[in-house]
Amino acid sequence: MPRHCRKLATALFFVVFVIVTAVAQITQPSTAQEATNKGAFLLTIFLKHDQSKPHEQINAQLRIRASSRSSRQTESKS
């Protein structure tokens, strides 16, 4: 098979695959749970780890914050 025919066949396969996948997603029947959750939405949050500080330094800062919070709470109760 000549090289340009392979490229054309690959491109055609890719286009057909994308179209079939898109049609399959559009025509999926809605589930009962989706019908009861009108107005609900899915929220995805990506968190990024702060790599500028070593793990020990981050833990030390968290311990300091926790101790200052607990001391403030005991002062406010008094």
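Read from the N terminus, the elements of the protein chain run α-α-α. That fits the overall tally, which comes to 3 helices and 0 strands. The model is a predicted one, and the confidence scores are worth a look before anything else. The protein chain averages a pLDDT of 77, with 74% of the residues scoring at least 70. Among the elements, helix α3 (residues 55-77) has the highest mean pLDDT, at 84, while helix α2 (residues 32-36) has the lowest, at 58. Where pLDDT is low, the predicted coordinates should not be read in detail.

Next comes the surface. Buried residues make up 0% of the 78 residues in the protein chain. The accessible surface of the chain adds up to about 8000 Å², and carbon and sulfur atoms account for 63% of that.

Part of this surface is a nonpolar patch of about 710 Å². Its members are Phe-13, Phe-14, Val-15, Phe-17, Val-18, Ile-19 and Val-23. One of them, Phe-14, sits in helix α1, which covers residues 3-26. Phe-14 counts as exposed because its relative accessibility is 54%, and exposed means over 50%. Phe-13 is also a patch member, and its relative accessibility of 61% is why Phe-13 counts as exposed.

Phe-13 turns up again in the aromatic contacts. A search of the whole structure finds just 1 aromatic pair. The partners are Phe-13 and Phe-17, with ring centres 6.4 Å apart and planes at 20° to each other, so the pair counts as stacked, the cut-off being under 30 degrees. Both residues lie in helix α1, where they are 4 residues apart, or about one turn of the helix. Phe-13 and Phe-17 thus have two roles in this description: they help make the nonpolar patch, and they form the stacked aromatic pair.

Methods
Residues are numbered from 1 along each chain as its sequence is written. This is a predicted model: local features need pLDDT of at least 70, side-chain atom pairs count only at pLDDT 80 or more; totals for chains, interfaces and linings use all residues. Side-chain values use heavy atoms; hydrogens and water are left out. Patches are made of residues with over 30% relative accessible area and no salt bridge: like charges are joined within 9 Å, nonpolar side chains (Val, Leu, Ile, Met, Phe, Trp, Tyr) within 5 Å. Accessible areas come from the Shrake-Rupley method with a 1.4 Å probe; for residues, only the protein chains shown count as cover. A salt bridge is a side-chain nitrogen of Lys or Arg within 4 Å of a carboxyl oxygen of Asp or Glu. Helices (H or I, at least four residues) and strands (E, at least two) are DSSP runs, numbered from the N terminus. Buried means under 20% relative accessible area, exposed over 50%, partly exposed in between (1.4 Å probe, protein chains only). Rings of Phe, Tyr and Trp (its six-membered ring) pair if their centres lie within 6.5 Å; planes under 30 degrees apart count as stacked, over 60 as edge-to-face and the rest as tilted. pLDDT is the predictor's confidence in each residue, from 0 to 100.
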